[in-house]
Amino acid sequence: PWLLLRNAVLVAMAAVVALPETARATGALDWGLGALGLFALVMLWAVVELLLANASALREWSQARD
């Protein structure tokens, strides 16, 4: 189920990127915000991948604390 959810998010992001752009010129602020947004998405992806990879260890740690 997580793989399907991840793929659905990727398809949604690709659809947003494929939308036609506006008529105004792209400035430095636009490029900077785009770069920061991309960085945030890459970091979020890395965190989710780490959490999914360590899900069983996190579950065991959580049960040991109870």
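These legends describe close-up views of a predicted model.

Residues are numbered from 1 along each chain as its sequence is written. Local features need pLDDT of at least 70, side-chain atom pairs count only at pLDDT 80 or more, totals for chains, interfaces and linings use all residues, and side-chain values use heavy atoms, with hydrogens and water left out.

**View 1. A nonpolar patch on the surface covers about 730 Å².**
Its makers are Trp2, Leu5, Val9, Met13, Leu41, Leu44, Val48 and Leu52. Helices α1 (2-17) and α2 (28-53) are the elements that give two or more residues to this patch. Helices here are DSSP runs of H or I with at least four residues, numbered from the N terminus. Patch residues have over 30% relative accessible area and no salt bridge, and nonpolar side chains (Val, Leu, Ile, Met, Phe, Trp, Tyr) are joined within 5 Å. Areas come from the Shrake-Rupley method with a 1.4 Å probe; for residues, only the protein chains shown count as cover. Trp2 is found in helix α1. Trp2 has a relative accessible area of 56%, so it is exposed. (Buried means under 20%, exposed over 50%, partly exposed in between.)

**View 2. The largest pocket has a volume of about 540 Å³.**
A pocket is an open set of points on a 1 Å grid over the protein atoms alone, with protein on both sides within 12 Å along at least five of seven lines. Its volume is the space filled by probe spheres set on the points, which are joined across faces, edges and corners. Lining residues have an atom within 4 Å of a point. Here the lining has 18 residues; Val9, Leu10, Met13, Leu41 and Trp45 lie nearest the centre. Both α1 and α2 supply at least two of them. α2 gives the most, with 10 residues. By type, 14 are nonpolar, two polar and two charged. (Ala, Val, Leu, Ile, Met, Phe, Trp, Tyr, Cys and Pro count as nonpolar; Asp, Glu, Lys and Arg as charged; the others, Gly among them, as polar.)

**View 3. Arg6 and Glu49 form a salt bridge.**
The structure holds two salt bridges. Each is a side-chain nitrogen of Lys or Arg within 4 Å of a carboxyl oxygen of Asp or Glu. In the Arg6 and Glu49 pair, the closest N and O atoms are 3.8 Å apart. Arg6 lies in helix α1 and Glu49 in helix α2, so the pair ties together parts that are 43 residues apart in sequence. Arg6 is partly exposed, at 32% relative accessibility. Glu49 is partly exposed, with a relative accessible area of 32%.

**View 4. The second largest pocket holds about 300 Å³ of space.**
Among its lining residues are Val16, Pro20, Arg24, Asp30 and Trp31. α1 and α2 each supply at least two lining residues. The lining divides into six nonpolar, two polar and three charged residues. The side chains of Asp30 and Arg24 meet in a salt bridge, 3.0 Å from N to O. Asp30 is partly exposed at 27% relative accessibility. Arg24, at 54%, counts as exposed.

Notes: Patch = residues over 30% accessible without salt bridge, like charges linked within 9 Å, V, L, I, M, F, W, Y side chains within 5 Å. Buried < 20%, exposed > 50% of the residue type's maximum accessible area, 1.4 Å probe, protein only. 1 Å grid on protein atoms, 1.4 Å probe; cavity = no way out; pocket = protein on both sides within 12 Å on 5 of 7 lines; lining within 4 Å.
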